[in-house]
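Here is a short briefing on one structure. It covers a nucleic acid contact and a chain-to-chain interface.

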Number of protein chains: 4
Amino acid sequence: MCPKITESHRHDLRQRLIDIALTSFSKYGYDKTRMEDIATTADVAKGTLYLYFKNKEDLFTAISERNIEKLKNHFITIFNNKEELISGLETFYKQFKNPDNKVFFEIVAESSRNSKLRQLLYEHRKKIIEMIIKYVDLQKSKGFLKKDLQSKTIAYILVAQYDGLRINRILGMNDEENNRVWIELIKKLFY
Amino acid sequence: MCPKITESHRHDLRQRLIDIALTSFSKYGYDKTRMEDIATTADVAKGTLYLYFKNKEDLFTAISERNIEKLKNHFITIFNNKEELISGLETFYKQFKNPDNKVFFEIVAESSRNSKLRQLLYEHRKKIIEMIIKYVDLQKSKGFLKKDLQSKTIAYILVAQYDGLRINRILGMNDEENNRVWIELIKKLFY
Amino acid sequence: MCPKITESHRHDLRQRLIDIALTSFSKYGYDKTRMEDIATTADVAKGTLYLYFKNKEDLFTAISERNIEKLKNHFITIFNNKEELISGLETFYKQFKNPDNKVFFEIVAESSRNSKLRQLLYEHRKKIIEMIIKYVDLQKSKGFLKKDLQSKTIAYILVAQYDGLRINRILGMNDEENNRVWIELIKKLFY
Amino acid sequence: MCPKITESHRHDLRQRLIDIALTSFSKYGYDKTRMEDIATTADVAKGTLYLYFKNKEDLFTAISERNIEKLKNHFITIFNNKEELISGLETFYKQFKNPDNKVFFEIVAESSRNSKLRQLLYEHRKKIIEMIIKYVDLQKSKGFLKKDLQSKTIAYILVAQYDGLRINRILGMNDEENNRVWIELIKKLFY
DNA sequence: GATGAATGAGAATTCATTCAT
DNA sequence: CATGAATGAATTCTCATTCAT
């Protein structure tokens, strides 16, 4: 009678399962995370998990999609809809605190073997880069930014730098320093 | 004499086992790599592995050490013993072809949970950074390089950028582009 | 009126479910047949199956009953209502094509462990034999058949032979040959 | 140093596992037999089972081979090396007592879905029939048997009858009667 | 030292069955 | 009555690790 509720409930539970699984995968890694634990944490039965995800790998793929989506959104909040860049950089620092950080490198590692996942990451990365290019072009046209580097080069550098600094953070390197370096690089590239 | 030979043999076999394991871990990832496969490939018995490594995790640690060591050496070849920087950058491109790339991100992911491993990576990264700082300082003092950025900042940027571009490569992004970006960044930072 | 329709509908659906299940059990065997598949094929919900059958075993019993019933009917068409035996043998050949063949041996195997099922098969077999005895006696009394073998012996032989030839068919042995042998045996026993 | 012992030990254990599994499969059927139970009964670990058989199905195949082999041997003892047929028939009765009987119909049922198994049964059946043909031809040539039926027809009838009577036995029909019918049929065909 | 057969804890996955709607 | 989402017991199979030879 009310399929919408059911449909929305399905969607909500699926999201919840992904979130819980993401936490688990971040904390313990892919192998050490047991399907049972995810189920228990989510307060559903083991079998229920399999109503929403074909198998563990499928769940990991769902997590990856979410994680990559989040990353893209993060870049959007930094580079989109902003006149003033530097002020947006605090957001960057927040992302650093995110546990998603950890699982991301697991996703990268897995991507080297899983072409579907690799494709997914590739596409998103392309989109992020395009978005940054567009942003930089806009700022350049307004005369706010230097024009000595191609926009594309800048975009590549920023994305790569971002990932590299995330590794720093995982290794416990000083976050203030990471943040400072990020800002310095941006200044160097833009002004 | 005999003991010496045995000792050296021990060391050689250990290295060989690490190399073989590294290949396997890169190809299949940590859990999908079976101890038996490594043993078979190395033409030793399963039990023999345990004469050289306490357990699978210990073997992974050994691989990590080797991988990190290699990375450090790679940076050394680029930044050390060189008057001319740009010419050393071709080496960078070669490293991109290395399968070690893949296992590195598995190591990073694992580091987020394993403090010993994290410590190891942390120390090596520090050393790499120190080495780059030293190099940059030297070049600056000779008047070869600009002085607008702190050497430390430059070092951080380079290391992070390097890692980020490795991710690009894993995802199948155009290597020429990666290489070009790397060189552009270096020029921007240094000249 | 309404209840009657419902009652008849209940009966029809039950029969349909048995038929569908029979097909599945024949194709995939008892355990590889999933309740869900039967439900899906029948276009009813899983839960509905349990309104008609207590559980999977109960469904199997129902199938067995039907299968055994069919077998009995098959023998009836051959041996009952017939003056002329040989002409009835074509029917035998047709039965050979029946997929029920396959499930029958699953039923026999299960019978060796399930006394209720065994009892069922036993009773039906007895009835078939009695029917054949009656038929043979009738034909003997009319002078149409030889009297050198007891009717009971003949009945036993025919039933056993029939089952044995069904195995031949399952194994892919030549059907013409199976049919020929069946006819030769009958001639030998009767004329 | 003494590979023969090891080899023979391997072979012995394999046989033992097959025998134990055969008993289990006969008692409980394919699905209800748990790998763990077989292992426990054999006093080995679960994993050991998988050193000898790839999986449950492979174990079932091994059992089938053994079972079919035994059946062939049984026919050999009846029809081979014998001048006097009737005296060999007692052996037939003994086979009736064999628990292998039960698993045989499970094998037949499975054969209807598994072509490799079907092929196996088919080949053995062919061999049994050929053997009987050879025997009957020999006896005919000596003038001991009637010649009104083709040897091939006789062989087919005997094999099918044998299987049919095994079903009788499983269903709990009187063994004396089964045995009597078997002997009567033989007399009818041969003398 | 080296071996590899044996172990058994451990995990993923399935599916008959239930029951709230 | 019918449904089908949720359950969780049950089972197969894997693989790191041990240890007798």
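Which phosphate oxygen lies 3.1 Å from a backbone N or O atom of C:Ala45? It is one of DNA strand F.

This is a predicted model: local features need pLDDT of at least 70, side-chain atom pairs count only at pLDDT 80 or more, and totals for chains, interfaces and linings use all residues. Residues are numbered from 1 along each chain as its sequence is written, chains are lettered from A and ligands numbered from 1 in the order in which they are written, and side-chain values use heavy atoms, without hydrogens and water.

**DNA strand F**

- The strand is surrounded by 30 residues, where near means a heavy atom within 4 Å.
- The closest are A:Thr48, B:Met35, B:Lys56, C:Thr48 and D:Arg34.
- Sugar or phosphate accounts for 66% of the strand F atoms within 4 Å of the protein, and bases for the rest.
- The side chain of C:Thr48 places an N or O atom 2.5 Å from a phosphate oxygen of strand F.
- A polar backbone atom of D:Met35 lies 3.4 Å from a phosphate oxygen of strand F.
- H3(A) gives the most to this surface, with five residues; helices are DSSP runs of H or I, at least four residues, numbered from the N terminus.
- The surface near strand F divides into twelve nonpolar, nine polar and nine charged residues. Here Ala, Val, Leu, Ile, Met, Phe, Trp, Tyr, Cys and Pro count as nonpolar, Asp, Glu, Lys and Arg as charged, and the others, Gly among them, as polar.

**Symmetry of chains C and D**

- A rotation of 180° with 0.0 Å of shift along its axis superposes chain D on chain C, with RMSD 0.2 Å (least squares on C-alpha atoms with pLDDT of at least 70 in both).
- That is how a two-fold axis relates copies.
- Both copies use the same surface: 98% of the contact residues of chain D recur in chain C (contact: heavy atoms within 4.5 Å).

**Interface of chains C and D**

- Each of chain D and chain C puts 50 residues into the contact.
- Together they bury about 4200 Å², 63% of it on carbon and sulfur atoms (accessible area lost on being put together, 1.4 Å probe, summed over both).
- D:Tyr156, D:Leu171 and D:Lys188 supply 17% of the area that chain D buries against chain C, more than any other three residues.
- The interface holds six salt bridges (a side-chain nitrogen of Lys or Arg within 4 Å of a carboxyl oxygen of Asp or Glu).
- A salt bridge joins the side chains of C:Lys188 and D:Asp148, at 2.2 Å from N to O.
- H8(D) gives the most to the side of chain D that touches chain C, with twelve residues.

Methods:
A polar contact is a pair of N or O atoms within 3.5 Å; within protein, one must be able to donate a hydrogen and the other to accept it, and residues adjacent in sequence count only if both atoms are side-chain atoms. Helices (H or I, at least four residues) and strands (E, at least two) are DSSP runs, numbered from the N terminus. Buried area is the accessible area (1.4 Å probe) that two parts lose on being put together, summed over both.
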